[in-house]
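Please look through the sequence and the coordinates together, and then follow the account below from helix packing to the contact between chains and on to single residues in loops.

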Amino acid sequence: MEILMCIVAGLLFAAAVYLMLSKSLLRIIIGTGLLSHGTHLMLLTMGGLKTGAAPVLGEHASSYTDPIPQALILTAIVISFGVTAVFLVIAYRAYQELGTDNMEQLKGMETDD
Amino acid sequence: MINLPILPILFPLLAAVLLMFLSKSVKAQRIVSVIASAATVAAAWAVMLKVKSEGIQTVDMGSWPAPFGITLVSDMLSILLVLTASIITLCVVLYSFRSIGSGREAFYYYPIVQFLLVGVNGSFTTGDIFNLFVFFEIMLMSSYVLIVIGGTKVQLRESIKYILVNVISSAIFVIAVGYLYSVTGSLNMAHISSRISEINDEPIITVLAILFLIVFGLKGGIFPLYFWLPGSYAAPPAPILALFGALLTKVGVYAILRTYTLFFYHDQPFTHDILALLALLTMVAGSIGALAYKDVKQILIYNIIIAVGVLLFGIAVMTEESIAGTIFYLVHDMIIKAGLFLLGGIMIYIAGTSNLNKMGGLIRHYPALGWTFLVASFALAGIPPLSGFTGKLLIVRAGFESGEYVGAIVVLLSSLAVLYSVVNLFMAVFWKKPEVPLPETNKQTASLFIPAAALVILSVLYGVGTEAVYPYVMQAVEALIHPEIYIDAVLKE
């Protein structure tokens, strides 16, 4: 099961990298979303899957899942949600101001003006 | 147990919340900002005295005992950096009154600056690796807002790249923490450190070391990963640039210093050699940029990269002396970079451009500004008795003693490049006869000049008073060279 999850996470990463290398700003943002999904899946797999019980079942529980990765993922999801929201707003504003969402045309460094 | 170490995080947080409700009144925002920043400085000072007299201070959040809950740890290194960051924020807030513009002031500039300070102070203080990630994110979120606030075209264009780079590095950070957790089974930094010494030479630890180097290198701007830095940092106005240049990259350097002394000191021939090599390339790349550009902002920004290289080299040598030099240089560089960016901001404000070819002759009307800038430049280059000297001396001497001749020589040469670039900047802005005469407006700059000059004076005092600072720095070095001290203090064994 862990191996399968690792492969899924890897596929998500591959898709994310492909999207982030494209020229359209919206695709790039979707890429960052997939990247964080891959990361969270990876984190879940790190704690081990399969144990088949809730995280905390009192002191003498015979089987339980490690609660730490779940806590970490929860935090990471909230953060990536916030960052994606900010990113979308800034991207939309940039599109309005600059009139393009093509990264080719967003190259910078005209220091003289 | 006392809760003192949390105060430098709590004050700016409360102030930021309060400031969000005061967004209608700019005057109230200014007053609250100054009071909160001054209170943070005072709190940091109090914690520093406490750490000096009683050793490392820890707070277990929610009273969960050490390896299980989140622990805040104020050792001397943390608190020195917290104090420096708080002082810089206070000066930048004072400088912002006249320079940031009423549009930005009305749109939550002051609360976001306080949030940035929460993130920075938290990153310096926390003793939990995942909590470090959270504080990094607080800091980055604030920096996303600060880089785009005002919404000019350049800012919008550059903020997209800045956010993208940092989102990717955050993802790698989470993965690295996940790997570290699966290897050691803990998130508490002291606990991780003792677990790693038990499993010792596992190749996975070396992999983790490189992963963390990529993450923190992206924030700190080390050689192949600094590509985003010059473009993004040049976009926002001077006070924000000063905060970024002085604080953000240094948080990355601090994180490298912490992890490479606490976690990854077992495979030094590999990890620290890579660190040394990257440090040299960083210095070279930074020097090339600093010498090539004819722009006030770009020259100063490339000087950030050179300084990061010097600091990394100090970490890579990893002897008691070089770590001491690194800490001396880290504090010095934060203060003087903030000062230089603020002075640079005044120069740009007066001349109306940041292009060196269009500036000149400022010394006639602004002599105090000129000579202060020259002193700051000398301090940056490390001319004795100014503040850059001690740190560089210790780093270079440690480099020669441990046989890293090439590195030590590159550090010395990079100082020459720094000196040439900033003196060149000084001559072009202040002495050269301008091609097009500058508009004779005689702008009022006193309220901008005072906070900037205060930082330069602080830097001079730091250099002249090295003897007084020395015991504090050595206490910080002690805990870095002997991780057991840090571990015992946190786990209370």
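**Helix packing, chain contact and loops**

In chain B, helices α7(B) and α9(B) cross with a left-handed sense. This is a predicted model, and the geometry described here should be read with that in mind. Helix α7 of chain B covers residues 153-184 and helix α9 of chain B covers residues 203-220, and their axes come within 9 Å of each other while crossing at roughly 155°. Since angles over 145 degrees count as roughly antiparallel, α7(B) and α9(B) are therefore roughly antiparallel to each other. On the α7(B) side the contact includes B:V165, B:S169, B:I172 and B:F173, and on the α9(B) side the residues met include B:I204, B:L208, B:L211 and B:F212. Sorted by class, this contact of α7(B) with α9(B) is made of 14 nonpolar, 1 polar and 1 charged residues.

A second pair in chain B is formed by helix α11, residues 238-262, and helix α14, residues 320-351, which pack at an angle of about 165° with their axes 8 Å apart. Here too the angle leads to a description of relative direction, and α11(B) and α14(B) are therefore roughly antiparallel to each other. The crossing of α11(B) and α14(B) is right-handed, whereas that of α7(B) and α9(B) is left-handed. Among the residues that α11(B) brings to the contact are B:A238, B:P239, B:G245, B:A246 and B:K250, and they belong to a set that meets residues of α14(B) including B:M334, B:K337, B:F341, B:G344 and B:G345. The class count for the contact of α11(B) with α14(B) is 13 nonpolar, 4 polar and 2 charged residues.

Turning from pairs of helices to the pair of chains, 29 residues of chain A are in contact with 29 residues of chain B. On the side of chain A that touches chain B, helices α2 (25-46) and α3 (67-98) of chain A each supply at least two residues, and the largest share, 15 residues, comes from α3(A). The residues on this side of chain A divide into 19 nonpolar, 7 polar and 3 charged. An unreviewed UniProt entry lists residues 71-95 of chain A as "transmembrane region". Over residues 71-95 of chain A, the model is 100% helix and 0% strand, with the end C-alpha atoms 36 Å apart.

Several loops of chain B also deserve attention. B:M318 lies in the loop between α13 (296-317) and α14 of chain B, and its phi is near 60°, a positive value in a residue other than glycine. B:M318 has 21 other C-beta atoms within 10 Å and is buried. B:S63, in the loop between β1 (57-60) and β2 (71-74) of chain B, likewise has a phi near 60°, positive in a residue other than glycine, but B:S63 counts as exposed because it has 8 C-beta neighbours inside 10 Å.

Beyond α14, the loop that runs to α15 (367-381) of chain B holds B:N357, which counts as partly exposed, with 14 C-beta neighbours inside 10 Å. From C-alpha to C-alpha, B:N357 and B:Y95 are 26 Å apart in space, and they are 262 residues apart in sequence. In the loop between α15 and α16 (388-401) of chain B sits B:P385, and the peptide bond from B:P384 to B:P385 is cis, with omega near 5°.

Key
Residues are numbered from 1 along each chain as its sequence is written. Chains are lettered from A and ligands numbered from 1 in the order in which they are written. This is a predicted model: local features need pLDDT of at least 70, side-chain atom pairs count only at pLDDT 80 or more; totals for chains, interfaces and linings use all residues. Axes are lines fitted to C-alpha atoms, for helices over the stretch in contact, and angles run from 0 to 180 degrees between N-to-C directions. Helices (H or I, at least four residues) and strands (E, at least two) are DSSP runs, numbered from the N terminus. Angles under 35 degrees count as roughly parallel, over 145 as roughly antiparallel, 65 to 115 as roughly perpendicular and the rest as oblique. A crossing is left-handed if the near helix is turned anticlockwise from the far one by less than a right angle, and right-handed if clockwise. Two residues are in contact if their C-beta atoms, placed from the backbone, lie within 7 Å. Ala, Val, Leu, Ile, Met, Phe, Trp, Tyr, Cys and Pro count as nonpolar, Asp, Glu, Lys and Arg as charged, and the others, Gly among them, as polar. UniProt positions are given in the numbering used here, feature names are shortened, and annotations may be inferred rather than shown by experiment. A residue is buried if 20 or more other C-beta atoms lie within 10 Å of its own, exposed if 12 or fewer, and partly exposed in between; C-beta atoms are placed from the backbone.
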